[in-house]
Amino acid sequence: MSQVSDRATLAARAEAATGLSDFGDPWIFENLDTLIPVLNSESELTEVGVAGAETMIVTALSNRLRHVQLIKDHPEILDEEIDVAAVVVGLPRTGSTMLHRMLSSAPGMTGVKWWEAQNYAPFEGEAAGDPEPRRVAAKYYLDYMLEHAPDLMSIHPMSIDQSDEELIILGLLFSSTMIEGMYYVPSYARWLVENSRTRCYADLKEILQSLQWQDKGRKGAKWVLKTPGHLMALDGVLETFPEAKIVMTHRDPVQTVPSYCSMMTTLYHMASTVDRERIGAFWEKRLAELLDLFMSVRSKAGPESFIDVRYTDTTTRPIEEGTRVLTEAGIEVTPEIVAGMAEWVEANKREGRAPHRYALEDFGLTRDQVEQDFADYRAAFLGEKVPA
């Protein structure tokens, strides 16, 4: 069985593709040099999976090369003022995507678009203000994903022009839960927590400055960021964006854990043969760990930096919840903002999408196990009594 090539080989491919050679601060290579052996030893990659992993790495390194060159050519990018009003977090499957897209679509707000997350740095020869080549590349990739994982749209609907997670950008820095969301890499997940949780955020801010500079229409807009992956490094988020409110979405892990395991099975099986039981065993513990990290940072930072949102409120009264969140984030909610949120909700109803079906037992898990592992979180935020 073939294996993912070494870093030097893949870096050479990125250099050849871009005609560039300056990767800037080489810190990401420490992450990549740790990741590649884990991909080869743990992930059970198919031939398609090996090719996909190499493409992901070359794409990441190519973006890095183009971004470094862009900053050299236009140092004024680093003068851009990034106003991050809110950072939506919460476990996957807690309504965070709906809330984020609704908020970021409102007038005066913005978020990272799916197409630009895939390639955050302009292609060579791309005309200023015309990112169509990157949109075309993103559409091609999304079509590929849906061809090989047709259930994905019922689990996590996507469009290249919708706001999506900066998790993807952090993944291209080999620094987020995107990596473990694409490939079964428990050892790498552990290494990230212990060695490289927060240093990617300075780079993320610089990339947001670049995206704002590229799109002049974003000047003065307030950013709404989002990814459950931020739970791994909320201290880094708060340090980098100190004025932002952390918006934590809450839903019982008894529902979220099997839902996310189902999504991970769909994504993993595009590239590997790892079985459902190992997927369940890893993600049940990993999600519990992410919440433990969240509660630890929250206890130190204090409640004033956080806004709590219940899943049932986002699904039953989204406009009211969106208004509350923006108000608590210090934003004046105008009639135009309310209308923009309402327009998004009307255009993105679940009707027409197939139901997403899942059960704990599909992944070798039990309700008692989940209730025990998430007991502290459930007691603190869902009003559930901690089992004796």
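What share of the contacts in the protein chain with a separation of 6 or more comes from residues 24 or more positions apart? The legends below take up this point and others for a predicted model.

**View 1. Contacts between residues far apart in the sequence of the protein chain.** Among contacts with a separation of 6 or more, 81% join residues that lie 24 or more positions apart.

**View 2. Secondary structure and overall dimensions of the protein chain.** The chain contains 19 helices and 5 strands. Its radius of gyration is 20 Å, close to the 21 Å given by the globule rule for 388 residues, so the chain is as compact as a globular protein of that length. Along the principal axes, the C-alpha atoms occupy a box of roughly 60 × 55 × 45 Å.

**View 3. Burial and accessible surface of the protein chain.** Of the 388 residues, 56% are buried. The chain exposes about 16100 Å², and carbon and sulfur atoms contribute 52% of this area.

**View 4. Charged groups of the protein chain.** The chain carries 38 positive and 60 negative charges. The mean positions of these two sets are 3 Å apart.

**View 5. Surroundings of the cysteines C200 and C261.** C200 has a relative accessible area of 1%, and the value for C261 is 0%. Both fall under the 20% limit for a buried residue, so C200 is classed as buried, as is C261. A disulfide is a covalent bond between the sulfur atoms of two cysteines. The structure holds 0 disulfides.

Key: Residues are numbered from 1 along each chain as its sequence is written. This is a predicted model: local features need pLDDT of at least 70, side-chain atom pairs count only at pLDDT 80 or more; totals for chains, interfaces and linings use all residues. Side-chain values use heavy atoms; hydrogens and water are left out. Helices (H or I, at least four residues) and strands (E, at least two) are DSSP runs, numbered from the N terminus. The radius of gyration is taken over C-alpha atoms; the globule rule is 2.2 Å times the number of residues to the power 0.38. Buried means under 20% relative accessible area, exposed over 50%, partly exposed in between (1.4 Å probe, protein chains only). Contact means heavy atoms within 4.5 Å. Accessible areas come from the Shrake-Rupley method with a 1.4 Å probe; for residues, only the protein chains shown count as cover. Lys and Arg count as positive and Asp and Glu as negative; His and the chain ends are not counted. The place of a charge is taken as NZ of Lys, CZ of Arg, CG of Asp or CD of Glu. A disulfide is a pair of cysteine sulfur atoms within 2.5 Å.
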